[in-house]
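Me: I have a model open and would like to talk through its pockets. Could you take a look with me?

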Amino acid sequence: MTAPTTAPTMKTATKQPLRRPLRAYLACARMEFRAALTYRTAYLSSFVMMLLQIWLLTVVWKALYDGRAEVDGLGLTTMTAYATLTTLQYQLVSPWRSSPIDQRVREGKVAVDLLRPIGFPGQMLAGQLGWASAAVPVLLVALPFALLIGAGQAPASAAAGLAYPVALLGALLVNQLLGLLLGLVCFWTLEVSGALMAYRFVAQFFSGALVPLWFMPGPVRAAAEWLPFQATAYTPAAVYLGQVEGLGIVAALGVQLAWIAALGALAAYVWSRARRRVMSQGG
């Protein structure tokens, strides 16, 4: 009589260890999501700056085309759509706050984080994703204005439409891992604001958010293709607009996956060194 009730009990017990960490990560994400929404002035300013950037890029590309229908086989509509799309998606994948680690280190809250049942890098990464997701309401409000100021178009093909969300998710993960690595540096420096300013400039340029890779000079494009930043802006936009097609889409997504694995491994290594530093200081 007891046999039928044993199996469900064992299955439930097996699921519990998996659910607890997931709930903890979701709690970290929710906490940062709510914190981000309290900075209404910052989000309003980012909304205005995003629309201003779309307008400026549109004006610049129209001036550069100077009435020509195409440049290097690319039409003006494609370029303005690229500028609009990369600016919108960059608002999601690259929030103005990269990581809460530096603040927690300065305030001494890392000791509390280390006592939690989930790993510190996982906590911070979940929080970063929660913070980034707070940009979604801003994007929904900004979308009609962005399309009015800039330009938009449908995916180049069915394959592009299906691959774009995958590429956008890859872009989000690559960028958040880069932010996590930058945040971990503060275990040695205590302050990353200066490095963050330099990082944002380099990342935005080499990501193709301002100038697409196909218009960059040879050496600069080669450097951009070897850096992870192009996976955060150029790749999803190029997939969506059909500049990457067929097996090129698979290759582009593969590059994103490779960078996710490499940056994840690097973050684990850096954290192993940073943790020793915390333990030695705490001891």
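Reply: Happy to; below we go through two pockets of this predicted model.

Me: How do you know which residues line the largest pocket, and which of them lie nearest its centre?

Reply: A lining residue has an atom within 4 Å of a pocket point. The largest pocket is lined by 22 residues, and Q53, Y90, Q91, S94 and Q204 lie nearest its centre. About 530 Å³ of space lies in this pocket.

Me: Which elements give two or more residues to that lining?

Reply: They are α2 (40–65), α3 (76–93) and α10 (193–206). The largest share, 8 residues, comes from α2.

Me: What makes up the lining of the largest pocket in nonpolar, polar and charged residues?

Reply: The lining divides into 12 nonpolar, 9 polar and 1 charged. Tyr counts as nonpolar, so Y90, one of the residues nearest the centre, belongs with the nonpolar ones.

Me: And how much space lies in the second largest pocket, and what lines it?

Reply: About 360 Å³ of space lies there. Of its 18 lining residues, L85, L88, Q89, L143 and Y164 are the closest to the centre. Two or more residues each come from α3, α7 (135–149) and α8 (158–184), with the largest share, 6 residues, from α3.

Me: Why are L85, L88 and L143 called nonpolar, and how does the whole lining divide?

Reply: Leu counts as nonpolar, so these three fall in that class. The lining of the second largest pocket divides into 14 nonpolar, 4 polar and no charged residues.

Conventions. Residues numbered from 1 in each chain as written. Predicted model: local features only at pLDDT ≥ 70, side-chain atom pairs only at ≥ 80, totals over all residues. Heavy atoms only, no water. 1 Å grid on protein atoms, 1.4 Å probe; cavity = no way out; pocket = protein on both sides within 12 Å on 5 of 7 lines; lining within 4 Å. Points joined across faces, edges and corners; volume = space filled by probe spheres on them. Helix = DSSP H or I, 4+ residues; strand = E, 2+ residues; numbered from the N terminus.
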